[in-house]
Amino acid sequence: MVRVKFRYVVVQIVPEDDNKKGGLAFTDLSIAQCIIKNVQKYYGDVGVAAIRSGLKCKYCNEQTRIAIIRIKHRPHRFVTSILPLIAVVGDHLVKFRTLYNGATIMHCNKFIVNFQKQFLDQKMKNITMGQQKELLKKVMNIKGVEK
């Protein structure tokens, strides 16, 4: 028996218009559907058949707009090549910024923790103490990641 190998891609979802009042709420399902739709557009049925069984969005943080996408080892090239070309998720204009590619979800978690610490350092310079605690609680929420 051969074990199934996965690759994990850490992406940041950058909205085109950040001044929208309603905020952006991305779900795991909407991100996965968007990726499948774009793989269909650029690679056709072969690409969709290759990624469909192993594609899953494992983690999505609305505050920092970071997501972890799991893909099988060989077809991960289909997904990583179309990520910069994705322009719409749901009804929002966005850009995907690939931050990290990893073989294990633990390394992705370590990368996200370091990335979010840097994010917090930048954001906490200009806010009060009460707002700092609330922001820290929202940003460092990594419970949603399954191992």
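Is H76 buried or exposed? H76 is buried, because its relative accessible area is 16% and the cut-off for buried is under 20%. The model is predicted. The chain has 147 residues, and 40% of them count as buried. The points below go from the overall fold to the cores, the pocket and three single residues.

**Overall fold**

- The chain holds four helices and five strands.
- Their order along the sequence is β-α-β-β-α-β-β-α-α.
- Take the contacts in the chain with a separation of 6 or more: 72% of them join residues 24 or more positions apart.
- The exposed area of the chain is about 9,200 Å². Carbon and sulfur atoms supply 52% of that area.

**The largest nonpolar core**

- This core has 24 residues.
- The members that touch the most other members are I31, I35, L55, I69, L83, I86 and F96.
- Five elements each give two or more residues to this core: strands β1 (6-15), β3 (66-72) and β5 (92-102), and helices α1 (28-52) and α2 (76-82).
- Helix α1 gives the most, with eight residues.
- I86 is one of the members with the most core partners. Not counting residues up to four places away in sequence, I86 touches C34, I35, N38, V94, K95 and F96.
- Two of these partners, I35 and F96, are themselves listed with I86 among the members that touch the most others.

**A second core**

- Another core lies apart from the largest one.
- This other core has ten residues, among them Y59, I68, I105 and C108.

**The largest pocket**

- The largest pocket holds about 170 Å³ of space.
- Ten residues line the pocket. Closest to its centre are Q12, Q63, T64, R65 and F119.
- Strand β1 and helix α3 (105-123) are the elements that give two or more residues to the lining.
- The largest share of the lining comes from β1, with four residues.
- By type, the lining divides into four nonpolar, three polar and three charged residues.
- Strand β1 therefore appears in two lists: it gives two or more residues to the largest core and two or more to the pocket lining, with elements defined as DSSP runs.

**H76, in a helix**

- H76 lies in helix α2, one of the elements that give two or more residues to the largest core.
- Leaving aside neighbours within four places in sequence, H76 is in contact with R7 and I71.
- R7 falls within the range of β1 (6-15), and I71 within that of β3 (66-72).

**E62, in a loop**

- E62 sits in the loop between β2 (56-61) and β3.
- Which exposure class does E62 fall into? E62 is partly exposed, because its relative accessible area is 47% and exposed means over 50%.
- E62 and T27 are 35 residues apart in sequence. In space, their C-alpha atoms are 8.8 Å apart.

**I127, in a loop**

- I127 is found in the loop between α3 and α4 (129-139).
- I127 is partly exposed, with a relative accessible area of 28%. That value is too high for the buried class, because buried means under 20%.
- Leaving aside neighbours within four places in sequence, I127 is in contact with Q132 and L135. Both partners fall within the range of α4 (129-139).

Technical notes: Residues are numbered from 1 along each chain as its sequence is written. This is a predicted model: local features need pLDDT of at least 70, side-chain atom pairs count only at pLDDT 80 or more; totals for chains, interfaces and linings use all residues. Side-chain values use heavy atoms; hydrogens and water are left out. A nonpolar core is a set of buried Ala, Val, Leu, Ile, Met, Phe, Trp, Tyr and Cys residues joined through side-chain atoms within 4.5 Å. Buried means under 20% relative accessible area, exposed over 50%, partly exposed in between (1.4 Å probe, protein chains only). Contact means heavy atoms within 4.5 Å. On a 1 Å grid over the protein atoms alone, a cavity is a set of points where a 1.4 Å probe fits but cannot get out, and a pocket is an open set with protein on both sides within 12 Å along at least five of seven lines; lining residues have an atom within 4 Å of a point. Grid points are joined across faces, edges and corners, and a volume is the space filled by probe spheres set on the points. Ala, Val, Leu, Ile, Met, Phe, Trp, Tyr, Cys and Pro count as nonpolar, Asp, Glu, Lys and Arg as charged, and the others, Gly among them, as polar. Accessible areas come from the Shrake-Rupley method with a 1.4 Å probe; for residues, only the protein chains shown count as cover.
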